[in-house]
Amino acid sequence: MRLRNVPGSREDIANSEFVIQEAEKHKGEISSFFPVKQPLFIEIGMGKGQFITTLAKLHPEINYIGIEKYSSVLVRAIEKQTELVLPNLKFIRMDAENINEVFGENEVDGIYLNFSDPWPKDRHAKRRLTSRQFFVRYEKLLNPEGKIQFKTDNSNLFDFSLEEVEATNFKATEVSYDLHNSEWNEGNIMTEYEERFSAKGNPIKRVVFIRR
């Protein structure tokens with residue numbers, strides 16, 4: 001997918017009060033950026049922020065951080081938050097590979113992975129957010145009771161994820177190959193991609209990973 005460059009986006013991000021700047025300098029202390037210390041959930045690869053912004057509005061009792069590496073889409077999430085000014089929502093611009101440089105041990109209570117880049121070439125498998133390499137990263141920052149929710153329309157990536165987790169200290173639960181027609185759809189919040197793909201009739205796959 002080609003992302004359109006948004007002029008001035010990097011400057012807007014650098015000057016935004018809703019973005020945690022140089023987050024790696026505050027490893028293990030990310031909760032201090034919120035006015036109230038409460039459970040912390042993160043979305044890795046949040047895009048324009050529709051999903052996590054909706055969550056933050058619905059659950060003021062939880063703090064949320066949206067992680068995105070592309071300035072051109074992160075700036076759209078900042079625009080939403082500038083209008084809403086939700087006290088329990090912050091953003092970090094970073095590559096997902098560096099999450100253990102930002103979050104300390106057991107600091108995160110839940111992780112959302114929505115419509116992640118499938119990295120279809122075999123040689124790029126370790127870059128997929130549900131690769132065993134990433135599960136090792138999640139294990140370090142996620143508290144023992146924490147969960148990872150993954151949604152995608154990509155069947156190959158979904159099957160890869162279910163196979164890959166078998167080599168980790170996590171296991172798959174609540175597996176659905178057609179989320180919108182399953183028992184797990186109640187309370188489901190759709191992302192921008194989810195709305196687009198489901199409108200085309202593409203079944204949405206969803207799984208929750210927990211520790212063994």
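Glutamate 194 is buried in this predicted model. Its relative accessible area is 0%, which falls below the 20% cut-off for buried. Glu194 sits in helix H6. Leaving aside residues up to four places away in sequence, Glu194 touches Phe115, Lys151, Leu179, His180, Asn188, Ile189 and Ile204.

Glutamate 192 also lies in helix H6, which spans residues 192-199. With the same kind of neighbours left out, Glu192 touches Lys48, Gly49, Gln50 and Lys80. The table sets out the exposure of each glutamate.

| Residue | Relative accessible area | Class |
|---|---|---|
| Glu192 | 22% | partly exposed |
| Glu194 | 0% | buried |

Both glutamates appear in an unreviewed UniProt entry under "binding site", together with Lys121, Asp153, Thr191 and Tyr193. These positions spread over 74 residues of sequence, and in space they reach up to 25.0 Å between C-alpha atoms.

Next, the pockets. The second largest pocket holds about 390 Å³ of space. Its lining has 22 residues, and Leu55, Tyr112, Gln149, Gly187 and Arg206 lie nearest the centre. Helix H2 (50-58), S4, S5 and S7 each give two or more residues to this lining. Strand S4 gives the most, with four. By type, the lining residues are 11 nonpolar, five polar and six charged.

Last, the cores. The largest nonpolar core has 35 residues, with Ile44, Ile65, Phe103, Ile111 and Tyr138 making the most contacts inside it. Elements that give two or more residues include strand S1 (40-44), strand S2 (63-68) and helix H4 (132-141). A second, separate core has 19 residues, among them Phe18, Phe41, Leu74 and Leu89.

How values were computed: Residues are numbered from 1 along each chain as its sequence is written. This is a predicted model: local features need pLDDT of at least 70, side-chain atom pairs count only at pLDDT 80 or more; totals for chains, interfaces and linings use all residues. Side-chain values use heavy atoms; hydrogens and water are left out. A nonpolar core is a set of buried Ala, Val, Leu, Ile, Met, Phe, Trp, Tyr and Cys residues joined through side-chain atoms within 4.5 Å. Buried means under 20% relative accessible area, exposed over 50%, partly exposed in between (1.4 Å probe, protein chains only). On a 1 Å grid over the protein atoms alone, a cavity is a set of points where a 1.4 Å probe fits but cannot get out, and a pocket is an open set with protein on both sides within 12 Å along at least five of seven lines; lining residues have an atom within 4 Å of a point. Grid points are joined across faces, edges and corners, and a volume is the space filled by probe spheres set on the points. Ala, Val, Leu, Ile, Met, Phe, Trp, Tyr, Cys and Pro count as nonpolar, Asp, Glu, Lys and Arg as charged, and the others, Gly among them, as polar. UniProt positions are given in the numbering used here, feature names are shortened, and annotations may be inferred rather than shown by experiment. Contact means heavy atoms within 4.5 Å.
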